[in-house]
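Q: I am new to this structure and would love a guided close look at one part of it. Could you walk me through it step by step?

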Amino acid sequence: MQRVGVLDFLLNEKSVPIIDVRSPGEFADGHIPGAINLPLFDDAERAIVGTTYTQVGRFEAIDTGLEIVGPKMNALAKSARSFAIHGKLKVHCWRGGMRSDKMAWLFELIGLQTTVLDGGYKAYRQELLHAFQSLKSLIVLHGPTGSGKTMILHELAALGEQVLDLEKRANHKGSAFGALGMGDQPSTSQFQNDLFADLLTFNTTQRIWIESESMSIGKVYLPQSLWENMNHSAVLEIAVDKSLRIPRVVEEYGQIDKQLLAGSILKIKDRFGPEKIQHVLMQLNDGKLDEVASMLLDYYDKTYEFSKVKYKKEVSAVVRSHTGDPRINALQLLKIADELKL
């Protein structure tokens with residue numbers, strides 16, 4: 001058995017399966033992408049051991065744990081053998097303590113070469129925050145609603161650029177309308193873990209594009225270190241005329257059920273104003289989607305200007321586009337980025 005740090009654990013011998021021995025509840029809240037949950041204790045058993053440790057003592061908790069695990073050892077060993085690749089496994093628990101040590105002992109006992117994550121999942125999360133804090137090559141793509149920023153990022157990725165896709169990982173498009181047409185969101189921890197997995201595939205000495213977002217995207221939150229980094233990184237703004245943004249918004253949301261659209265519109269009623277809300281809902285009911293989009297863009301353009309001034313550092317450059325074509329806009333942004341040596 002060997003113990004290694006987070007980056008060695010993740011990046012060396014990537015084909016070797018990662019076994020997460022935490023309880024199913026811990027695993028569901030957030031786990032290393034691709035890890036397999038082989039819990040030493042289920043959620044109820046973990047609670048029993050934890051209560052014994054707190055109320056009685058460490059040795060009594062160990063005795064309780066052994067009583068629980070004893071009958072499971074054969075099944076755990078068989079599962080471990082079935083998961084191993086070339087006789088190897090990686091294993092971790094919460095803090096790299098007793099659970100991972102005991103499982104590693106069992107795996108080694110049955111002939112499996114085992115690597116333990118030093119510091120466990122807690123160390124992994126600390127490394128995640130550090131990695132996002134230390135990024136020096138971010139380019140934040142800013143622009144008002146309907147500018148096609150997400151599609152521009154997709155085009156940049158197709159052109160070979162490194163793109164950290166927040167909306168894809170959050171499963172949410174941002175704003176009060178962001179959940180429409182999307183599935184369930186991950187937990188905040190899992191969202192952040194998935195972003196970290198993406199980051200580990202990048203060359204962090206080269207530029208990385210990211211869309212400007214608020215601290216929260218739907219119900220999930222960016223890592224605090226990433227959010228702070230974004231607010232001090234280079235900003236490129238794509239400026240697209242409202243007349244070009246209206247049809248994009250209509251195309252994106254026009255096929256969604258009117259009742260769902262109305263529900264999202266009502267989420268901003270306190271800030272939008274009761275009279276405007278009623279007018280927008282009437283226009284929606286009458287099928288005047290261009291008018292609906294126009295009024296909503298007026299609202300979101302104001303919030304956009306506010307957030308730009310409050311949170312982001314000075315814009316490095318503004319790309320004024322006369323087209324809604326994301327490919328053309330991506331090429332324009334690349335040209336500016338190269339000229340500015342970003």
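A: Here is a walk that begins with a pair of helices and moves on to a loop and a few other spots.

Please keep in mind that this is a predicted model. Let's start with helix 7, residues 120-133, and helix 10, residues 188-199: their axes come within 10 Å and cross at roughly 65°. The crossing of helix 7 and helix 10 is left-handed. If you want to find the contact yourself, look on helix 7 for Tyr121, Tyr124, Arg125, Glu127, Leu128, Ala131 and Phe132. Their partners on helix 10 are Ser189, Gln192, Asn193, Leu195, Phe196 and Leu199. Sorted by class, this contact between helix 7 and helix 10 holds 8 nonpolar, 3 polar and 2 charged residues.

Now follow the chain past helix 10 into the loop that leads to strand 8 (208-211), where you will find Arg207. Is Arg207 buried or exposed? Its relative accessibility is 15%, and buried means under 20%, so Arg207 counts as buried. The side chain of Arg207 makes a polar contact of 2.9 Å with the side chain of Asp338. Leaving aside residues up to four places away in sequence, Arg207 touches Ser137, Ile139, Glu161, Gln162, Leu334, Ala337, Asp338 and Leu342.

Next, have a look at Lys341, in the segment after helix 17 (326-339). With a relative accessibility of 75%, Lys341 counts as exposed, because the cut-off for that is over 50%. Its backbone deserves a glance too. Most residues other than glycine have a negative phi. Lys341 has a positive phi, near 60°, and is not a glycine.

Glu13 offers another example: its phi is positive as well, about 50°, although Glu13 is not a glycine. You can find Glu13 in the loop between helix 1 (6-11) and strand 2 (18-20). Its relative accessibility is 40%, so Glu13 counts as partly exposed.

Let's finish at helix 12, residues 242-253, with a small check you can follow by hand. Helix 12 has 12 residues, and at 1.5 Å a residue they should span 16 Å. The expected span is 1.5 Å times one less than the number of residues. The end C-alpha atoms of helix 12 are 16 Å apart, so the model agrees with the expected span. Within helix 12, the buried residues are Arg245, Ile246, Arg248, Val249 and Tyr253.

Definitions and conventions
Residues numbered from 1 in each chain as written. Predicted model: local features only at pLDDT ≥ 70, side-chain atom pairs only at ≥ 80, totals over all residues. Heavy atoms only, no water. Axes fitted to C-alpha atoms, helices over the stretch in contact; angles between N-to-C directions. Helix = DSSP H or I, 4+ residues; strand = E, 2+ residues; numbered from the N terminus. Left-handed = near helix turned anticlockwise from the far one by under 90°. Contact = heavy atoms within 4.5 Å. Nonpolar A, V, L, I, M, F, W, Y, C, P; charged D, E, K, R; others polar. Buried < 20%, exposed > 50% of the residue type's maximum accessible area, 1.4 Å probe, protein only. Polar contact = N/O pair within 3.5 Å; in protein donor to acceptor, adjacent residues only side chain to side chain.
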